[in-house]
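Thanks for coming. I'll take this one from the overall layout down to single residues, and questions can wait until the end.

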Amino acid sequence: MTTQPTWIIETRELVKIYGENHAGVRALDRVNLRVSPGELLAVMGPSGSGKSTLLNIIGALDLPTSGQVLVNGEDLAQIKNLDEFRSKTVGFVFQLHNLLPTMTARENVEIPMIGHLSAAERKRRSEELLTLVGLGDRADHLPGQLSGGQRQRVAIARALANNPPIILADEPTGALDSVSGAELMQLLRELNQRQGVTVVVVTHDLGVARQTNRVVFMQDGRIIREDYIGTPLEEDLKLWAHSGLGQRILNGDKELLQTLGISEKESTALQKLLQSIKHEQTG
Ligand SMILES: Nc1ncnc2c1ncn2[C@@H]1O[C@H](COP(=O)(O)OP(=O)(O)OP(=O)(O)O)[C@@H](O)[C@H]1O
Ligand SMILES: [Mg+2]
């Protein structure tokens, strides 16, 4: 009997050292990350902070130096056939789409299905996926005949080929203009909301991060902070909780409260509200 895991992705004290142990680069330094099924998570942080390394290890493209990775309830160290695991469980989308230039959009999307589906089923499924990403009429185009945003959408269709529960996207909007980037993010959000696909997206773009449920910030191979992204109302409240005015109300600035004509009872209520907003953000 299998039980639904609480976390679809969990890393425990994950360490990755590239090169010789003593002189090597510590790309990941005891990373503990937990992702709930159906979450849309952004990973941010400066260049070299370990974002791609983390994504690659979660997707079994690379091995950790130490620590544990559990994906979809399975310990990656225990999996014999990692190729099969990857093709069933995770879909990758990279900054540069990695499409094969001599193959059409449909043929590119079919690649991960080879060995799993018959030729006729592959054709049907790839056309369905291309339609899903809004490219039903471009199936026979070569990557060179598509725009950057369209190529990235083909890459998403390919990532979805085997219906994986997880999509790992490493700066998928990095090479796109802002409009195509926003469209691509919209697509990832739809897949997340309608099909329940768990999405982890590495990004340098705060606009992209704001469209997720949670942002994890990395620095020097560690997770240093995380931020929950609320509804637009909650986001406005957060902004206000961190403003100078919010700060003064939190500090119980009597003069200010008097000037604003706020009673003691009202100010206590406001303080509680602001405190809970701030608490949620750091908790
Ligand atoms: N194959 C490798 N061999 C040696 N060092 C590596 C290798 N890959 C990454 N590194 C180092 O590990 C650290 C983390 O790299 P990583 O690619 O994960 O960063 P990143 O956060 O994705 O950066 P960026 O935003 O520039 O893509 C960096 O210091 C990098 O130089
Ligand atoms: Mg990177």
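**Layout, sheets, ligand shell**

The domain assignment splits the protein chain into domain 1, residues 9-228, and domain 2, residues 232-282. Taken over C-alpha atoms, the centres of domain 1 and domain 2 are 39 Å apart. Please keep in mind that this is a predicted model.

Some overall figures. The C-alpha trace of the protein chain spans about 75 × 50 × 45 Å along its principal axes. Its secondary structure comes to eleven helices and ten strands. Of the 283 residues in the protein chain, 35% are buried. If you take contacts between residues at least 6 apart in sequence, 67% of them join residues at least 24 apart.

Now the sheets. One is an open sheet of six strands, in the order 6-7-8-3-9-10, and its pairing is mixed. Which strands stand at its edges? They are strand 6, residues 90-93, and strand 10, residues 222-228. Each has a single partner strand, so one side of each is left without a neighbour in the sheet. On average, and ignoring direction, neighbouring strands of this sheet are turned by 20° against each other.

Let me stay at the strand 6 edge. Strand 6 pairs with strand 7, residues 166-170, in the parallel sense, over four bridges. One residue pair to look at there: Val-93 has Ala-169 in strand 7 as its bridge partner. Helix 5, residues 148-159, lies across strand 6 and strand 7, and runs at about 165° to strand 6.

The other sheet to mention is also open. This one has four strands in the order 2-1-4-5, and the pairing is antiparallel. Its edge strands are strand 2 and strand 5, the latter being residues 74-75, and each pairs on one side only. Strand 4, residues 66-71, and strand 5 run antiparallel and are joined by two bridges. Opposite Leu-70 stands Asp-75 in strand 5.

Strand 2 brings us to the ligand. Which residues surround ligand 1? The list is Tyr-18, Gly-19, Val-25, Ala-27, Gly-45, Ser-47, Gly-48, Ser-49, Gly-50, Lys-51, Ser-52 and Thr-53. Two elements give two or more residues to this shell: strand 2, residues 25-35, and helix 1, residues 51-58. Helix 1 has the largest share, with three residues. By residue class, the shell around ligand 1 has three nonpolar residues, eight polar and one charged.

Last, a single residue, Arg-122, which lies in helix 4, residues 119-132. Is Arg-122 buried or exposed? Arg-122 counts as buried, because it has 20 C-beta neighbours inside 10 Å. The cut-off for buried is 20 or more, so Arg-122 reaches that class with its count of 20. Leaving aside neighbours within four places in sequence, Arg-122 is in contact with Glu-110, Met-113 and Leu-117. As for Arg-106, it is 16 residues from Arg-122 along the chain, and their C-alpha atoms are separated by 9.1 Å.

To recap: there is a mixed six-stranded open sheet, an antiparallel open sheet of four strands, and a ligand 1 shell to which helix 1 gives the largest share. That is what I have; I'll take questions now.

Notes: Residues are numbered from 1 along each chain as its sequence is written. Chains are lettered from A and ligands numbered from 1 in the order in which they are written. This is a predicted model: local features need pLDDT of at least 70, side-chain atom pairs count only at pLDDT 80 or more; totals for chains, interfaces and linings use all residues. Two strands pair if DSSP finds at least two bridges between them. Axes are lines fitted to C-alpha atoms, for helices over the stretch in contact, and angles run from 0 to 180 degrees between N-to-C directions. Two residues are in contact if their C-beta atoms, placed from the backbone, lie within 7 Å. A residue is near a molecule or strand if its C-beta atom, placed from the backbone, lies within 6 Å of it. Ala, Val, Leu, Ile, Met, Phe, Trp, Tyr, Cys and Pro count as nonpolar, Asp, Glu, Lys and Arg as charged, and the others, Gly among them, as polar. Domain bounds come from an automatic or database domain assignment. A residue is buried if 20 or more other C-beta atoms lie within 10 Å of its own, exposed if 12 or fewer, and partly exposed in between; C-beta atoms are placed from the backbone.
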